[in-house]
Amino acid sequence: MCMPLWYGGDYNPEQWPEEVWAEDVALMRRAGVNLVTVGVFSWSRLEPSEGRYTFGWLDRVLGLLADGGIRVGLAVPTASPPPWFSLAHPDALTVTRDGVRLTHGSRDTYCVSAPAYREASLRITRALGERYRDHPALAMWHVHNEYGTPCHCDHAAAAFRAWLRERYGGLDALNDAWTTAFWSQHYSDWAQITPPRATQYLPNPAQALDFRRFVSDEMLAHFREQRDLLRELTPEVPVTTNYVLAGWASVDHWKWSTEVDLVAIDDYPSGPGMAAAEQTAFAADLARSWAGGRPWLLMEQATGYVLGPRKGPKEPGEIARHSMQHVARGSTGVMFFQWRASRGGAEQWHPGMVPHTGPDSRVFREVSALGEALERIPAPYDGPLVEAEAAILWDEEAWWAAQGPGLPSSEIDYLAAVQQAHRVLWRQGVPTCFAHPSHDLPAYRAVLVPSLYLISDEAARNLAAYVEGGGTLVVSFFSGITDEHTRIRLGGYPGALREILGITVEEFRPLGEPVELPEFGRATLWSEVVHLDGAEAVARYPGGGPAVTCHRLGDGTAWYVSTRLDDPGYAQVLTRAGLAGSGVPGVEVVRRRDLVFAVNHTEDERPVPVQGTDLITGKPVGGRLGPGGYVVVRP
Ligand code: GAL
């Protein structure tokens, strides 16, 4: 099935006087917008007091949009409960780990385990579902916003205990898994267990990890309740929610992705320039991998940079280039936060598709040109999208574990390690996906395992089978160290992977000063005392101990990098492992089924290995791409 790509963004008409709405729709049409997300934060305008609904304004907005031919992702506004709700149910306000009960006045001030919040969420969902189930503008349901706010209150504690009973069955198993013999933490009654609240010194790492797992599952239970209700009312309408990315691993996205009808991500690179292009490719490859061959959607991006100390517009052309990176990787559309930049409120400095200046602006012209371009690209709706040659293991549980207390180095950064692996492959033009450690690993040219601190026995067996079957595995330091309860695997590191890698690590030696490795450049942060048990040393530390090793196992090869290399050094390992790509620096070429997307992220003209007619301009592509340009070709 071939449908047009979605194009649009969050539309918050409740922030504007009604006179603006007609202009909004006219401008949306001018920009080629065909989908807007409405009502994400409008709970207080929809239900100004308990059970009293004021849908009139939303009826008018949806009517205007439908008349303009614009479809709607209608939001269930549970991410921001109204003040009346919080005053009536103070027990449903978030409590931080320090025991501070937050108040309303921002957003996300809820406890997902509070019964009153769960009830109120279902009530507003039912009211919206029943009212708009047959509305011609309704294209999808957008539940909540960026799930991920933990609460440490007594409701959360009770739900955490119920979750733990389900997981462990009895207290003996929990005491064992959490190593409660340490520091006199043995639990003799379930009632003694709390979320990891502020305490005197280091918390229990297994308890902290289980709480992260619980928060993800508890939020998923909330999502499922809304989803099931909406499915009952509108079985044909997909239900989604937008994942938050960046440095915040809020939920277990692999698990969630089997529950949503459409994987949707928000992507805010910290940019600008090449760093933003790399981060965009990373986010889009993650989304595509989570979606596992199903459609997915870039639900939010911005026309400017919003993270970090300085906010500013994207450079000319960047909005389109980032959008094409997502579409190339199979996004079924391009959406922004938000349509019109707010004039007041906490995000009044967050950019919009229509900036404060109005439509007579560079940003709106770029937004409109992008809308026109997207109309010329057919959307992918089924089948594998992009054939990956390499996979990187990605596991939020391992990330949470690697954020535990008292690690041998406080500078261990799982996200940075994974991003480095992806960045180096991206620069070499190697099409890459992500995989969960326990997932099937088909015949990728290589599987990269950056700093995967926690690993299950099942995952370790999976990796062994991949190597024995002929695969190339590249494991980096601080992988395979603990079991799923963050207990260290004894007998030498990296416990679960020793046999695969043909090494035993006797000691970790975090580095203060960098050291130089011949051929592989500068090593920082970390070093290890590695003994060879079948592997050979490919690089050695200045003292003579193995730093990078290689081990033949079955029909495959397992590489180990026992320190943090810089990008050229890591690239060199991949080259030695047979994974060199043939990419043109700064130019990204992605094949999405029968279309090839080429994006030049540099300021110079560059060669592109692409022939054919550009679907956007209708002009032939002559093997070169101008500064900052992009083409979409059906070869
Ligand atoms: C997103 C969020 C939006 C908006 C945006 C601003 O993460 O979903 O609601 O806050 O950030 O940066």
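1. Salt bridges. The structure holds 38 salt bridges, a salt bridge being a side-chain nitrogen of Lys or Arg within 4 Å of a carboxyl oxygen of Asp or Glu. The model is predicted, so that local features need pLDDT of at least 70 and side-chain atom pairs count only at pLDDT 80 or more, while totals for chains, interfaces and linings use all residues. Residues are numbered from 1 along each chain as its sequence is written, and side-chain values use heavy atoms, with hydrogens and water left out.

2. Asp 210 and Arg 213. These two residues form a salt bridge in which the closest N and O atoms are 2.9 Å apart. Because they stand three residues apart in helix H8 (residues 205-233), about one helical turn separates them. Helices (H or I, at least four residues) and strands (E, at least two) are DSSP runs, numbered from the N terminus. Both Asp 210 and Arg 213 are buried; buried means under 20% relative accessible area, exposed over 50% and partly exposed in between, with a 1.4 Å probe and protein chains only.

3. Arg 427 and Glu 278. A second salt bridge joins the side chains of Arg 427 and Glu 278, at 2.9 Å from N to O. This pair links distant parts of the chain, with Arg 427 in helix H14 (residues 414-427) and Glu 278 in helix H10 (residues 274-291), 149 residues apart. Arg 427 has a relative accessibility of 41% and therefore counts as partly exposed, whereas Glu 278, with a relative accessible area of 10%, is buried.

4. Glu 605 and Arg 624. The side chains of Glu 605 and Arg 624 also meet in a salt bridge, with an N to O distance of 2.4 Å. Here too the pair links distant parts of the chain: Glu 605 is in the loop between S24 and strand S25 (606-613), Arg 624 is in strand S26 (residues 620-625), and their positions lie 19 residues apart in sequence. Glu 605 is partly exposed, its relative accessible area being 45%, and Arg 624 counts as partly exposed at 44% relative accessibility. Elsewhere, salt bridges with shared partners connect Arg 167, Asp 210, Arg 213 and Glu 397 in one network.

5. A buried arginine without a salt bridge. Arg 161 belongs to helix H6 (residues 154-168). Which side chain of opposite charge is nearest to Arg 161? That side chain is Asp 154, 6.4 Å away, and Arg 161 is buried yet has no salt bridge. For this comparison Lys and Arg count as positive and Asp and Glu as negative, while His and the chain ends are not counted. With neighbours within four places in sequence set aside, Arg 161 is in contact with Trp 190, Ala 191 and Ile 193; contact means heavy atoms within 4.5 Å.

6. Strands S1 and S2. Four bridges join strand S1 (residues 6-11) to S2, and the two strands run parallel; strands pair if DSSP finds at least two bridges between them. Tyr 11 stands opposite Val 38 in S2. From strand S2 (residues 35-38), Leu 35 and Thr 37 point one way and Val 36 and Val 38 the other way, yet all are buried.

7. Residues 388-577. An unreviewed UniProt entry gives this span the annotation "domain: Beta-galactosidase trimerisation". UniProt positions are given in the numbering used here, feature names are shortened, and annotations may be inferred rather than shown by experiment. The span is 24% helix and 29% strand, and its end C-alpha atoms lie 17 Å apart.

8. Gly 521. This glycine is found in strand S17 (residues 521-524), and its 25% relative accessibility is why Gly 521 counts as partly exposed. Leaving aside neighbours within four places in sequence, Gly 521 is in contact with Val 515 and Glu 516. Gly 521 and Asp 567 are 46 residues apart in sequence and 9.2 Å apart in space, C-alpha to C-alpha.

9. Residues 586-634. The unreviewed UniProt entry annotates this span as "domain: Beta-galactosidase C-terminal". The chain here is 0% helix and 61% strand, with 22 Å between the end C-alpha atoms.

10. The sheet S23-S24-S27. Three strands form an open sheet in this order, with antiparallel pairing. Strand S23 (587-592) and strand S27 (630-633) are at the edges, each with a single partner strand, so one side of each has no neighbour in the sheet. Neighbouring strands of this sheet are turned by 10° against each other on average, direction ignored; axes are lines fitted to C-alpha atoms, for helices over the stretch in contact, and angles run from 0 to 180 degrees between N-to-C directions. Strand S24 (residues 595-600) and S27 run antiparallel and are joined by four bridges. Val 596 has Val 633 as its bridge partner in S27.
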